[in-house]
Structure formats: C-alpha cells, structure tokens
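I opened my notebook for a first look at this one. Come along and follow my entries with the picture at hand.

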Amino acid sequence: MSRVDRSYSKYESIRMYEDRGKMKWNPFATAELASAHRDYHSEFKFKEPDFSLEQDEIKMMLSFALEMQLNIKIELIDKKIVVGNIHLWKNETLFVFKESSGHYLEIEIKNIKGLSDDMYFDSYIKK
C-alpha cells in the first residue's frame, strides 16, 4: 500500500495512519445496491435537447426555398405547423408564406422553431 505523506502533523497517530482504500467500502457493494443501480438505470429516460437553428441559417434556408419554390413545413414557436411555400420577403425579418390551402400568412423569422422539406433541409440540419 502506498502511504500519503503526513509528515506535516505533530501527532504520530496521524503520521502513521494508513488508509485501507476501497477495502472499507466493500461491505456496501451488496446485491441490493447493485439491483438498485440496475433499476435506476433501466428506468432513466434521456430526453434529447430541442434543436434550434440560428437566425442566419433560417434566412438562408428560406431564401433557398423561395428561389427553388420548394414546398416546406415550418414549425412555429407556438407549436403550430404550416405547410406551403414562401410567396415573398417583406423585409429582412418578415416574409409572406402561402399555405397549401391557399391562405397567406405573415411570419417573422424569430417565431420559427424548425424547418423541413422533402429533399434538402434534412441533410443540411443533420450534418
């Protein structure tokens, strides 16, 4: 066993003390403890963190969708999902979106939580 240097102490009992290391913890490693650990880890559910795009990435993807006239799905912060294509940009942070049903919406970029389409965006997001 390696000794810890305790020569600083004026007490001989402290200077001569030998720690038995993990031997003193062995009685606690019982079957009940191992079973409790297995149960805890089997019940533990890992939740994926929400993925969010940066504003610049959203603008670039929306510009691409407008140029290619892609049919896209936009998930908004309020959990609403709209499907359609981009009709036009009103300004740098606001655009007009035409839903598949024919309705027009004005959407601000800051209200977008996620974007997807059938061909391009998924591979870009997963890189």
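What order do the five strands of the open sheet have? I kept in mind that I was reading a predicted model. Following the strands across, I wrote down β4-β3-β2-β1-β5, with antiparallel pairing.

Next I looked at the edges. I found β4 (104-108) and β5 (112-116) there, and each has a single partner strand, so one side of each is left without a neighbour in the sheet. I also noted the twist, which averages 45 degrees from one strand to the next.

Then I turned to β3 and its partners. As a reminder to myself, strands of a sheet pair through backbone hydrogen bonds.

On one side, β3 (residues 94-99) pairs with β2 (residues 81-91) over six bridges, in the antiparallel sense. A hairpin of two residues links β2 to β3. I looked up two positions here: asparagine 91 has leucine 94 of β3 as its bridge partner, and asparagine 85 stands opposite lysine 98 in β3.

With β4, β3 forms five bridges, again antiparallel. Here phenylalanine 95 has isoleucine 107 of β4 as its bridge partner. The hairpin between β3 and β4 has four residues between the strands, and I marked glycine 102 in the turn for its positive phi of about 100 degrees.

Is β3 mostly covered or mostly open? I found it mostly covered, with five of its six residues buried.

Last, I checked what lies across the sheet's strands. Helix α3 (residues 55-68) lies across β1 (72-76), β2, β3 and β5, and runs at about 95 degrees to β2.

Notes. Residues are numbered from 1 along each chain as its sequence is written. This is a predicted model: local features need pLDDT of at least 70, side-chain atom pairs count only at pLDDT 80 or more; totals for chains, interfaces and linings use all residues. Side-chain values use heavy atoms; hydrogens and water are left out. Two strands pair if DSSP finds at least two bridges between them. Axes are lines fitted to C-alpha atoms, for helices over the stretch in contact, and angles run from 0 to 180 degrees between N-to-C directions. Contact means heavy atoms within 4.5 Å. Buried means under 20% relative accessible area, exposed over 50%, partly exposed in between (1.4 Å probe, protein chains only).
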